[in-house]
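Okay, thanks for coming, everyone. Let me put the structure up and then walk you through it piece by piece.

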Amino acid sequence: MSASAFDAIPQRVTVVEVGPRDGLQNEHGALATADKIHFINLLSAAGFAVIEATSFVSPKAIPQLADASEVLAGIARRPSTRYTALVPNVRGMERALAANISEVAVFTGASESFVQHNIHTSIAGSLANFQPVITMARSAGLRVRGYISTAFGCPYEGTVAPAAVARVATQLLDLGVDELSIGDTIGVATPRAVVDVTRTLLAQVAIDRIAMHFHDTRGTALANVLAALQLGISTFDSAAGGLGGCPYAPGASGNLATEDLLYLLHGMGIVTGVSLEAVIEASRFLAGVRGMTPASRYYAAATASG
Ligand code: MG
């Protein structure tokens, strides 16, 4: 392989830590509010520029995150970290604004059946619901992130066309979304699909508006990160300790572990501003509270004894 294979790779990458929201939302068992707060404080200490802290969804829909306001009131905010929350509707946005959030995220998908199953409306319906949310966020001066789930495959429809991802992407940008997070919700992507989807998006979307959200369900997440890096993508989502199982493959991994992502990036000389050792500390704390072993290869290697 020639050195030019890495020529387009960014020197600096933003890692969006999604463990407290995307991770905990998909884990079984409730976590005490104080433990969530301590976990986020440890992640803040690690130096993330962005931490997705919680979700202002209906407590009836996702009881694990019913304490969103208490969590945001309890954390020690690091001035250079943006604390974001998922917001599905105007009611959630009102709660998010009262909680002094620094950025909001909305969630839809590239596959009609997935969106219907997951948020009980069509893709067009989800976008219509976001319109007032995004208007409220922008008039409060808040940045808005838009999740496009099932961008590489759908549990109901199978393959998803890159053009379908690009269509939702441009619709979200037209609504005023600042950044798109392109999600491999069921963890089926391989590098060629990443290149296909990314190139299709880049024909219509500026590169600095695209983040990639890979799941390691089938062990391809880091290969997919490398493929995206080679196209110049410089924002990636991950969860400390690989928090968040895959709801479509029980027992399997979901979110790419932040530790594994950081090891790859730092090893390639890419600057993230995040301390890998401090992320290990956050995962170690949470693993202790939950009595679970984190789903991170790097964590396992770093904490092995003997
Ligand atoms: Mg995820």
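So let's start right on a strand pair: Val 15 stands opposite Phe 236, which is in S8. That pair belongs to a join between S1 and S8, two strands that run parallel and share four bridges. Before I go on, a reminder that this is a predicted model.

S8 has another neighbour too. Strand S7, residues 210–213, pairs with S8 in the parallel sense, over two bridges. Over there, His 213 stands opposite Asp 237 of S8. Keep His 213 in mind, we'll meet that residue again at the metal.

Now, which way do the residues of S8 point? Thr 235 and Asp 237 go one way, Phe 236 and Ser 238 go the other way, and all of them are buried. That fits the general picture: in a regular strand the side chains alternate between the two faces of the sheet.

Okay, let's zoom out to the whole sheet. Eight strands close into a barrel, in the order S1-S2-S3-S4-S5-S6-S7-S8, and the pairing is parallel. From one strand to the next, the twist averages 25 degrees. On its other side from what I showed you, here's how S1 meets S2: residues 14–17 and residues 50–55 run parallel, joined by two bridges. If you want a pair to click on, Glu 17 has Ile 51 in S2 as its bridge partner.

Helices pack on this sheet. Helix H2, residues 33–46, touches S1, S2 and strand S3 (82–86), and its direction makes about 165 degrees with that of S2. Helix H5, residues 112–119, touches strand S4 (103–109) and strand S5 (143–149), and its direction makes about 120 degrees with that of S4.

While we're at S4, have a look at Thr 108, which sits in that strand. Is Thr 108 buried or exposed? Its relative accessibility is 1%, so Thr 108 counts as buried. Leaving aside neighbours within four places in sequence, its contacts include Val 115, Ile 119, Ile 123, Leu 127 and Phe 130, plus Tyr 147, Ile 148 and Ser 149.

Next door, here's one you might not expect to hear about in this part of the talk: an arginine. Arg 145 lies in strand S5, and with a relative accessible area of 1% Arg 145 is buried. What does Arg 145 contact, once neighbours within four places in sequence are set aside? Among its contacts are Val 16, Glu 103, Glu 179, Ser 181, Ala 211, Thr 235 and Asp 237. Take Glu 103: that residue is 42 residues away along the chain, yet the C-alpha atoms of Arg 145 and Glu 103 are separated by 7.6 Å.

Right, the metal. Which residues coordinate the magnesium ion? Asp 22 through OD, His 213 and His 215 each through NE2, and Asn 255 through OD1, at 2.0 to 2.2 Å. Written as a sequence pattern, the donor residues are spaced D-x190-H-x1-H-x39-N. Asp 22 lies in helix H1 (residues 19–25), while Asn 255 is in the loop between strand S8 (235–238) and helix H10 (258–267), so this pair ties together parts that are 233 residues apart in sequence. Asp 22 and Asn 255 are both buried.

One more helix, then I'll wrap up. In helix H4, residues 90–98, the buried residues are Gly 92, Met 93, Arg 95 and Ala 96. They're on the same side of H4, because they cover an arc of only 160 degrees around the axis. Flip to the other side of H4 and you find Arg 91 and Ala 98, exposed. What covers the buried residues of H4 includes helix H3 (68–74), S4 and helix H6 (123–139). After H4 comes Asn 100, which has a positive phi, near 60 degrees.

Last, the overall numbers. The protein has 12 helices and eight strands. Its C-alpha atoms fill a box of roughly 55 × 50 × 35 Å along the principal axes. For 306 residues, a compact globule would have a radius of gyration near 19 Å, and the protein has 18 Å, so the two agree. Buried residues make up 53% of the 306. And of the contacts between residues at least 6 apart in sequence, 75% join residues at least 24 apart. Happy to rotate things if anyone wants another look.

Note on methods. Residues are numbered from 1 along each chain as its sequence is written. This is a predicted model: local features need pLDDT of at least 70, side-chain atom pairs count only at pLDDT 80 or more; totals for chains, interfaces and linings use all residues. Side-chain values use heavy atoms; hydrogens and water are left out. Two strands pair if DSSP finds at least two bridges between them. Axes are lines fitted to C-alpha atoms, for helices over the stretch in contact, and angles run from 0 to 180 degrees between N-to-C directions. Contact means heavy atoms within 4.5 Å. Donors are N, O and S atoms within 2.8 Å of the metal (3.2 Å for Na, K and Ca); water is not among the atoms, so sites may look incomplete. Buried means under 20% relative accessible area, exposed over 50%, partly exposed in between (1.4 Å probe, protein chains only). The arc is that of the directions from the helix axis to the C-beta atoms. The radius of gyration is taken over C-alpha atoms; the globule rule is 2.2 Å times the number of residues to the power 0.38.
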